[in-house]
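Open your viewer and get ready to select a few pieces, one stop at a time. Each stop below says what to pick next and what you will find there.

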Amino acid sequence: MPSRLKVASVVGARPQFIKLAPVHRAANADGEIDHLIIHTGQHYDPLMSDVFFEEFHIPKPDINLGVGSGTHGAQTGAMLSALEEVFEHHKPDWVLVYGDTNSTLAATLTAVKLHIPVSHLEAGLRSFNRRMPEEHNRVISDHAADLLLAPTDIAMENLRNEGLYSRAVKVGDVMADVCLSAKRAVQDQQAQIPKSIDSDKPYVIATIHRPENTDNEVRLRLVLDALRNIPVPVAFLTHPRLLARAAKFNIGLDGGALHPSGPLGYFKMVRAVMSSAGVVTDSGGLQKEAYLLGVPCTTLRRETEWVETLLDGWNILDADLRLVDVLASRAAPRSRRMQPYGDGDAAVRVVGELRARGGFSGA
Ligand code: UD1
């Protein structure tokens with residue numbers, strides 16, 4: 001009979017709660033895993049956190065560190081010292097970290113320093129842009145972690161190029177697990193977008209939250225003007241970072257094509273994207289969801305970690321904000337999309353990889 005394995009998942013920001021959902025389900029289904037859920041408190045607004053635990057039926061976190069917002073150093077430092085105490089007390093067999101946020105980095109460093117095996121889910125992604133906080137977080141986490149769970153062939157190649165191949169396994173993308181099952185669940189529902197938009201006519205979904213687009217006043221004004229000029233209504237789903245910066249610079253988030261509203265829960269988001277004519281975003285997760293749902297995406301960045309989405313023009317990089325041109329000449333490509341993100345079973349593989357190693361084997 002397999003021995004029980006204690007796995008501590010550390011999450012803190014919105015996309016990590018979504019990734020946690022299928023992993024928690026797979027860990028439960030294993031029957032011999034004690035899955036401890038640790039929330040750092042990086043995201044604390046109910047619409048950025050609680051809503052995902054509720055809609056995916058994830059139990060409330062066992063521990064919430066309540067770290068909240070702050071500069072990178074203050075936020076990451078607070079997590080480091082709080083996590084040390086938690087890991088020492090609970091002594092997990094594995095710490096599982098997700099993606100590329102400050103919560104990922106803090107949990108990885110804490111575990112490594114305590115000699116607790118750590119596994120990085122979504123390993124091997126690279127933007128090669130060293131000004132992005134996420135790039136520091138993912139590179140350092142990959143180099144520190146014991147087991148690298150990569151979503152794609154390209155991620156495996158990136159890890160090979162950095163000499164990390166022997167610690168890496170391709171498992172597929174857990175976000176594809178979630179997105180593909182949400183698509184099936186919501187296809188018969190009505191899309192819920194801001195009431196001022198007629199959902200039977202073409203509309204675009206837009207989100208902006210990267211510091212490179214929000215934190216400089218001139219850039220933020222340019223981004224908003226470009227969105228205002230889109231020739232169809234824009235359901236503009238506002239992230240707290242955007243709200244905070246717009247308030248600081250005294251900039252309105254309406255006018256022109258813009259119809260602002262707060263963030264959506266996951267299922268509503270998937271449904272709204274499915275009926276949209278296009279997505280405009282700087283979010284990594286949303287680029288990929290648009291691809292998986294067959295909706296053209298325009299990404300307001302110079303580079304993407306999810307390079308597979310660029311194939312055949314499903315996703316276009318548009319840091320220069322040629323948005324109107326890009327959208328006006330754009331229908332969904334006719335090409336068949338490949339399945340670079342796996343078949344929806346990544347989380348089961350994640351749990352299988354941890355289970356196969358049991359307690360630490362020096363992976
Ligand atoms: C973080 C991640 C980013 C991820 C994003 C998803 C890092 C470095 N970045 O960015 O990779 O794509 O989450 O959303 O970890 N705020 C609130 N309420 C909240 C959370 C944040 O009002 O619940 C505001 C605060 O003003 C805060 C700002 O948003 O200072 C930024 O939050 P922070 O957690 O620092 O990073 P994100 O921009 O959300």
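## A first crossing

Let's begin with helices α11 and α12, which cross in a right-handed way. Right-handed here means that the near helix is turned clockwise from the far one by less than a right angle, whereas anticlockwise would be left-handed. Before going further, note that this is a predicted model, in which local features need pLDDT of at least 70 and side-chain atom pairs count only at pLDDT 80 or more, while totals for chains, interfaces and linings use all residues. Residues are numbered from 1 along each chain as its sequence is written, and side-chain values use heavy atoms, with hydrogens and water left out.

Select residues 266–274 for α11 and 284–293 for α12: their axes come within 10 Å and cross at roughly 55°. Axes are lines fitted to C-alpha atoms, for helices over the stretch in contact, and angles between N-to-C directions run from 0 to 180 degrees. The two helices, α11 and α12, are therefore oblique to each other. On this scale, angles under 35 degrees are roughly parallel, over 145 roughly antiparallel, 65 to 115 roughly perpendicular, and the rest oblique. Helices (H or I, at least four residues) and strands (E, at least two) are DSSP runs, numbered from the N terminus.

Which residues of α11 and α12 meet? Show Tyr266, Met269, Val270, Val273 and Met274 on α11, then Leu286, Glu289, Ala290 and Leu293 on α12. By class, this contact of α11 with α12 has 8 nonpolar, no polar and 1 charged residues. Nonpolar covers Ala, Val, Leu, Ile, Met, Phe, Trp, Tyr, Cys and Pro; charged covers Asp, Glu, Lys and Arg; the others, Gly among them, are polar. Contact means heavy atoms within 4.5 Å.

## The sheet beside α12

Keep α12 on screen and add strands β8 (204–207), β11 (278–281), β12 (297–299) and β13: α12 lies across these strands, running at about 165° to β11.

Now show the whole open sheet, whose 6 strands follow the order β10-β9-β8-β11-β12-β13 with parallel pairing. Its edge strands, each pairing on one side only, are β10 (258–261) and β13 (315–317). From one strand to the next, the twist averages 20°. Strands pair if DSSP finds at least two bridges between them.

Zoom in on β9 (residues 234–237), which runs parallel to β10 and is joined to it by 4 bridges. Pick Phe236 and look for its bridge partner in β10, Pro260.

## A covered strand

Next, select β1 (residues 5–11), where 6 of the 7 residues are buried. Buried means under 20% relative accessible area, exposed over 50%, and partly exposed in between (1.4 Å probe, protein chains only). Add β2 (residues 33–39), which pairs with β1 in the parallel sense over 7 bridges. Val7 has His35 in β2 as its bridge partner.

Is Ser9 buried or exposed? This residue of β1 is buried, with a relative accessible area of 0%. Leaving out residues up to four places away in sequence, Ser9 touches Leu20, His35, Leu36, Ile37, Ile38, Leu96 and Tyr98.

Follow that list to Leu20, in helix α1 (residues 14–30). Leu20 counts as buried too, at 0% relative accessibility. With the same residues up to four places away left out, Leu20 touches Ser9, Val11, His35, Ile37, Phe53, Ile58 and Tyr98.

## Another helix pair

Select α3 (72–90) and α4 (residues 102–113), packed at an angle of about 45° with their axes 8 Å apart. The α3 and α4 helices are therefore oblique to each other, and their crossing is right-handed. Residues to show on α3 include His72, Met79, Leu83 and Phe87, and those they meet on α4 include Asn102, Leu105, Ala106 and Leu109. The contact of α3 with α4 divides into 9 nonpolar, 6 polar and 1 charged residues.

## Two loop residues to finish

Most residues other than glycine have a negative phi. Go to Lys91, in the loop between α3 and β4 (94–98), where phi is positive, near 45°. Lys91 is exposed, with a relative accessible area of 61%.

End at Leu321, in the loop between β13 and α13 (323–328). Leu321 has a positive phi of about 60° although it is not a glycine, and it is buried, with a relative accessible area of 17%.
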